[in-house]
Amino acid sequence: MFRSVFSIVCSVFLCVLAWGTEPKRVALVFDDGPTPEQAVKLLAILEEAGVRVSFAQVANTMQQHVSTTLATRARGHEIVNHSFLHRDVESLSDAELEKEIGGAQRMMTEVLGEGPRWYWPPYLKITDRVREATAAAGVTLYEPSSIVVSKDYDNSVSADEIERLATKGVTDGAVILFHEWREETVERLPSILKTLKEQGCVFMTFSELADSMLTEAEQ
Ligand SMILES: [Zn+2]
């Protein structure tokens, strides 16, 4: 009797242990960068942790810091189209929207030698017009299974809260959203990465995550 209870307790424990460490594929995205000063700090932290991420870059920023973009990509990070001027799509005419998405794609193609594979919308705004404009521009709208929002875009949100939100409720296939310009995010990143690793997270770029989810769906 004692033995069977003991073995049930053991197998439940092992099951919990295995479930708890089940790898979770996640992609970190840093919006609005890379920019020279922040990139130096961020890339060093990511390199130290052995983590590659995606940078959702505004084309206008890329134009000003081409060498930073190229150096970031050379380290294995993915560069994603995040519009031309980061405008709110709802206020735009069709021609303006085309410039935001298609214009950014053309400019980035020139800089990178090939167009970014993904479009990641400013303010996470996805409308039918955005869908049409991305399709017309030959870029794919990135739509992950879930998005973990650190709220680091809000300056009233503290470093502690950013760290708490970025590591809470992270599921397999999730994108965790940060902003490159937020000092507290960069400062807390080593600790955030450590916690996520303890939760069993495996870090991927947008493309790696999408391909991995697709391969799994096909099996
Ligand atoms: Zn943005």
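Does A174 count as buried or exposed, and how many C-beta neighbours does A174 have inside 10 Å? In this predicted model, A174 counts as buried because 20 C-beta neighbours fall inside 10 Å, and 20 is the number from which a residue is classed as buried. A174 belongs to strand β7, and its C-alpha atom is 8.4 Å from that of K24, although 150 residues separate the two in sequence. When neighbours within four places in sequence are left aside, the contacts of A174 are V26, P144, S145, S146, I147 and V148.

The chain as a whole comprises nine helices and eight strands, and its C-alpha atoms occupy a box of roughly 75 × 40 × 35 Å along the principal axes. Of its 219 residues, 36% are counted as buried. Among contacts with a separation of 6 or more, 74% are made by residues 24 or more positions apart.

Strand β1 is mostly covered, with six of its eight residues buried, and is paired with several other strands. With β7 the pairing is parallel and extends over five bridges, one of the bridge partners being F178 of β7, which is matched with F30. β1 also runs parallel to β8, to which four bridges join it, and here C201 of β8 is the bridge partner of K24. A further three bridges connect β1 to strand β2 (residues 54–57), again in the parallel sense, and F30 has F55 as its bridge partner in β2. Together with α2, the strands β1 and β2 form a β-α-β unit that is right-handed.

The largest nonpolar core contains 46 residues, of which V26, A27, L28, V29, V80 and I176 touch the most other members. For A27, not counting residues up to four places away in sequence, the contacts are S54, V175, M204, T205, F206 and L209. The C-alpha atom of A27 is also separated by 8.5 Å from that of E208, a residue 181 positions away along the chain. E208 itself lies in helix α9 (residues 206–218) and is partly exposed, because 16 other C-beta atoms lie within 10 Å, a count between the limits of 12 or fewer for exposed and 20 or more for buried residues.

Helix α8 (residues 183–198) consists of 16 residues and spans 24 Å from its first C-alpha to its last, which is close to the 22 Å expected at 1.5 Å a residue. A bend of about 55° is nevertheless found in α8 at L189, with a proline, P190, following within four residues. The buried residues of this helix are T185, R188, L189, I192, L193 and L196. An α-helix has 3.6 residues a turn, so residues three or four places apart point the same way. The buried residues of α8 pack against three strands and two helices, namely β1 (24–31), β7 (174–179) and β8 (201–204) together with α2 (36–49) and α7 (159–166). Just after α8, G200 adopts a positive phi of about 90°.

How values were computed:
Residues numbered from 1 in each chain as written. Predicted model: local features only at pLDDT ≥ 70, side-chain atom pairs only at ≥ 80, totals over all residues. Expected span 1.5 Å × (residues − 1). Bend = angle between axes of the 7 residues up to and from the residue. Contact = placed C-beta atoms within 7 Å. Pairing = 2+ DSSP bridges. Right-handed = clockwise from strand over helix to strand, strands pointing away. Core = buried A, V, L, I, M, F, W, Y, C linked by C-beta atoms within 7 Å.
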